Amino acid sequence: MKKEIKKIAINTGGGDAPGLNAVIRATVLAALHRGWECYGIRDSYNGLLVPEEYPEGGVIKLTRKSVRGITHLGGTILGTTNKGNPLKFPMQGEDGQFDEKDRSDEVVETFHKHNLDALVAIGGDGSLGIANVLFQKGLPVVGVPKTIDNDLDQTVVTFGFDTAVSFATECIDRLHSTAEAHHRVMVVEVMGRYAGWIALNTGVSGTDDAILIPEIPYDINKVAAKIEERDRRGQLFSIIVVAEGAKPKDGALSVVEKEVGKEQRLGGAGEKVAAALHQLTGKDTRSIVLGHLLRGGTPTTFDRLISLRFGAAAIRALEEGQFGKMVALDPPTVRYVPLEQATRRMKSVPPDCDTILTARDLDICFGD
Ligand code: F6P
């Protein structure tokens, strides 16, 4: 339902991704075009919930000047956090222990106190799930799909993913030299949380020898056999890309920690694979974790363009009264899908998708 809009807010939630600033720029300029005022909430919802932490204000005015020259910059000028989930906000009790508290009603109340009419929430599945709850509580909101993991449903791709894959592929190209010169096995762990999109696309583009992803639990003996087969053919090096969420058949995820109010942190999957492969093959093996390097830097042209398109489309959605929706890429256009649908399930790699079939035809091993 349409609503008169004069003043909107934008926030960026969860892990940063290349393209956030481009979305902010397009959103602000498209809003200003319509004569609307535009504000940015600092660090996801923290600017509303803990304003005392922001001497310059938890909600800041965004002008043409604020968004000048930021399209190509990584990070987010608004700041972000993955510890500020208002549905599970970490609060310290008198005993010093942290507990999770639902502060979503307070977000809605404070939003209205600032006389804000609508929100553009830029985030991944977690942040857009929060946006959907706020929408159900009466907040007019439109979401923009961000994440290097590409695990959001209902959009062909999220912004940030292309940059992450491009950089990871460049790293693998570089690792080929050492792998080949030293006859080594190089194991490269990439982010992606519980989905294998980054590992899969990087592994195929980088012509790796094995790709281990959460969607296909692996048997390490099969990966070792692949390395040995290469050795027999005189190809004395191998490159294995491992998604941080990859796990062995009948094995567990590699988890670093779980803090109150925060998603569990994954890590160590690559190191485990490297150690096992060294033991099984006896070959010189190294493991490299690309980690947060995949989230930084300049967005690729593809990511810049979809980010700018998503930002402008979010404003058109608000203008049309398409609240509770997420902007989704559906080439050659964008469409609006209910946040509810977009956040209902994670978009995993279908084990029979054409990229996997292509990889198998290229003789890439999945450890299955
Ligand atoms: O969701 C983006 C992401 O980079 C994941 O790929 C990764 O598991 C997680 O965030 C890392 O989070 P943090 O920045 O808290 O280490």
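In this predicted model, strands 14 (residues 325-330) and 15 run antiparallel and are joined by six bridges. One residue pair can be named here. Asp330 has Thr333, in strand 15, as its bridge partner.

Both strands belong to an open sheet of seven strands. The strand order is 3-2-1-6-7-14-15, and the pairing is mixed. Strand 3 (59-61) and strand 15 (333-338) form the edges, each pairing on one side only. On average, neighbouring strands of the sheet are turned by 30 degrees against each other, with direction ignored.

Helix 4 (residues 125-136) lies across three strands of the model: strand 6 (118-123), strand 7 and strand 14. The helix runs at about 170 degrees to strand 7. In the sheet order, strand 7 sits between strands 6 and 14.

Strand 7 (141-145) also leads into the next region considered. The loop between this strand and helix 5 (161-182) contains Thr158. Is Thr158 buried or exposed? The relative accessibility of Thr158 is 0%, so the residue counts as buried, the cut-off being under 20%.

The side chain of Thr158 has a polar atom 2.6 Å from the backbone oxygen of Thr147. Thr147 is also among the contacts of Thr158 when neighbours within four places in sequence are left aside. The other residues in contact on this basis are Pro145, Lys146, Asn150, Leu152, Asp303 and Ile306. Of these, Pro145 falls at the end of strand 7 (141-145).

Notes: Residues are numbered from 1 along each chain as its sequence is written. This is a predicted model: local features need pLDDT of at least 70, side-chain atom pairs count only at pLDDT 80 or more; totals for chains, interfaces and linings use all residues. Side-chain values use heavy atoms; hydrogens and water are left out. Helices (H or I, at least four residues) and strands (E, at least two) are DSSP runs, numbered from the N terminus. Buried means under 20% relative accessible area, exposed over 50%, partly exposed in between (1.4 Å probe, protein chains only). A polar contact is a pair of N or O atoms within 3.5 Å; within protein, one must be able to donate a hydrogen and the other to accept it, and residues adjacent in sequence count only if both atoms are side-chain atoms. Contact means heavy atoms within 4.5 Å. Two strands pair if DSSP finds at least two bridges between them. Axes are lines fitted to C-alpha atoms, for helices over the stretch in contact, and angles run from 0 to 180 degrees between N-to-C directions.
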